[in-house]
Amino acid sequence: MDGKGMPLPAGYPGSPSVVHVYAPLALGPNPQPVTCPSCHAQITTAVELENSTKTHLMAVLLCLICLPCVMIPYCCIDSCKSRTHYCPNCHAYIVMATPPLVLGPLPASLTCPSCHAQITTNVESESNTRTHLFALILCLVFFPCVCVPYCIDSCKNQNHYCPHCHAFIGRHEN
Ligand SMILES: [Zn+2]
Ligand SMILES: [Zn+2]
């Protein structure tokens, strides 16, 4: 009853040949194509924004300066919120499998962890909390300067994306 010496049927039919390889990916701020670890479907994640500590901190700061501004971090500034990725298929919460790579501010040559192609990353600048904080400080000093931090790339995060599959590769934070 140990099955020893039992010959395997030729061709071994009926066995599923599809293997789901779940590449651990960093999840960026935008919806991105992944294989859902829960239902194993090829999905594009749905992103929900949640207020984070940053949001509240920002609101308190704004409140001290100008009370009507208090709602700004809750309504307007997406980067003050934390992003949660969900599977639109089975509504599973998609966790970040690996922390994003720490990359420089310039496009980097690497192997994409998603499509495994040799790529040079696309870099997109994104305003971060520091950008808004900097704007706030400038606003107190000299109001017309308020937009300056939004124009200075070194006040922003640089997000790296794969030009082939648009997967989020990593991020450079100043
Ligand atoms: Zn799913
Ligand atoms: Zn790729």
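Guide: Let us start with a rule we will need: two strands count as paired if DSSP finds at least two bridges between them. Keep in mind, too, that this is a predicted model.

Visitor: How does that rule apply here, and in which sense do β6 and strand β11 pair?

Guide: In general, the strands of a sheet pair through backbone hydrogen bonds, either parallel or antiparallel. Here, β6 and β11 (residues 168-172) pair in the parallel sense, over 2 bridges. If you would like a residue to look for, take Val102, whose bridge partner in β11 is Arg171.

Visitor: Which strand joins β11 in the antiparallel sense?

Guide: That is β10, which is joined to β11 by 4 bridges. One residue to find is His160, with Gly170 as its bridge partner in β11. The two strands β10 and β11 form a hairpin with 6 residues between them.

Visitor: What is the order of the strands in the open sheet?

Guide: The order is β6-β11-β10-β9, so named for an open sheet of 4 strands with mixed pairing. β6 (101-102) and β9 (122-127) stand at the edges with a single partner strand each, so one side of each has no neighbour in the sheet. As for β11, 4 of its 5 residues are buried, making this strand mostly covered.

Visitor: Let us move on to the metals. Which residues coordinate the zinc ion (ligand 1)?

Guide: When you read a metal site, look at the donor atoms and then at the angles among them. The SG atoms of Cys36, Cys39, Cys87 and Cys90 coordinate the zinc ion (ligand 1), at 2.2 to 2.3 Å. Ideal angles for four tetrahedral donors are 109.5 degrees. In this site the angles among the 4 donor atoms are 106 to 115 degrees, and the site is tetrahedral.

Visitor: What spacing do the donors of the zinc ion (ligand 1) follow along the chain?

Guide: They follow C-x2-C-x47-C-x2-C. Cys36 lies in the loop between β1 (33-35) and β2 (42-44), and Cys87 in the loop between β4 and β5 (93-94), so this pair ties together parts that are 51 residues apart in sequence. Both Cys36 and Cys87 are buried.

Visitor: And which residues coordinate the zinc ion (ligand 2)?

Guide: For the zinc ion (ligand 2), the donors are the SG atoms of Cys112, Cys115, Cys162 and Cys165, at 2.2 to 2.3 Å. Angles of 107 to 115 degrees among the 4 donor atoms make this site tetrahedral. The donor residues are spaced C-x2-C-x46-C-x2-C in sequence. Cys115 lies in the loop between β7 (109-111) and β8 (118-120), while Cys165 lies in the loop between β10 (156-161) and β11, so the pair ties together parts that are 50 residues apart in sequence.

Visitor: How is Cys115 classed by its relative accessibility?

Guide: Cys115 counts as partly exposed, because its relative accessibility is 32%, and partly exposed covers the range between under 20% and over 50%.

Visitor: Now the backbone. What is the phi of His91?

Guide: First the general idea: most residues other than glycine have a negative phi. His91 is not a glycine, yet has a positive phi of about 60 degrees. His91 sits in the loop between β4 and β5, and is exposed at 62% relative accessibility. Another residue to look at is His116, also with a positive phi of about 60 degrees and not a glycine. His116 is in the loop between β7 and β8 and is exposed, with a relative accessible area of 59%. In the turn of the β10 and β11 hairpin, His166 has a positive phi of about 60 degrees.

Visitor: Is His85 buried or exposed?

Guide: His85 is buried, because its relative accessible area is 4%. You will find His85 in strand β4 (residues 81-86). Its side chain makes a polar contact of 2.8 Å with the side chain of Thr45. Leaving aside neighbours within four places in sequence, the residues in contact with His85 include Leu27, Asn30, Val47 and Tyr93.

Visitor: To finish, how many helices and strands does the protein have?

Guide: There are 4 helices and 11 strands. Of the 174 residues, 34% count as buried. The accessible surface comes to about 10,800 Å², and 64% of that belongs to carbon and sulfur atoms. Among contacts with a separation of 6 or more, 58% are between residues 24 or more positions apart.

Notes
Residues are numbered from 1 along each chain as its sequence is written. Chains are lettered from A and ligands numbered from 1 in the order in which they are written. This is a predicted model: local features need pLDDT of at least 70, side-chain atom pairs count only at pLDDT 80 or more; totals for chains, interfaces and linings use all residues. Side-chain values use heavy atoms; hydrogens and water are left out. Buried means under 20% relative accessible area, exposed over 50%, partly exposed in between (1.4 Å probe, protein chains only). A polar contact is a pair of N or O atoms within 3.5 Å; within protein, one must be able to donate a hydrogen and the other to accept it, and residues adjacent in sequence count only if both atoms are side-chain atoms. Contact means heavy atoms within 4.5 Å. Donors are N, O and S atoms within 2.8 Å of the metal (3.2 Å for Na, K and Ca); water is not among the atoms, so sites may look incomplete. Four donors count as tetrahedral if all angles lie between 85 and 135 degrees; four count as square planar and six as octahedral if opposite donors are over 155 degrees apart and all others between 65 and 115; anything else is irregular. Accessible areas come from the Shrake-Rupley method with a 1.4 Å probe; for residues, only the protein chains shown count as cover.
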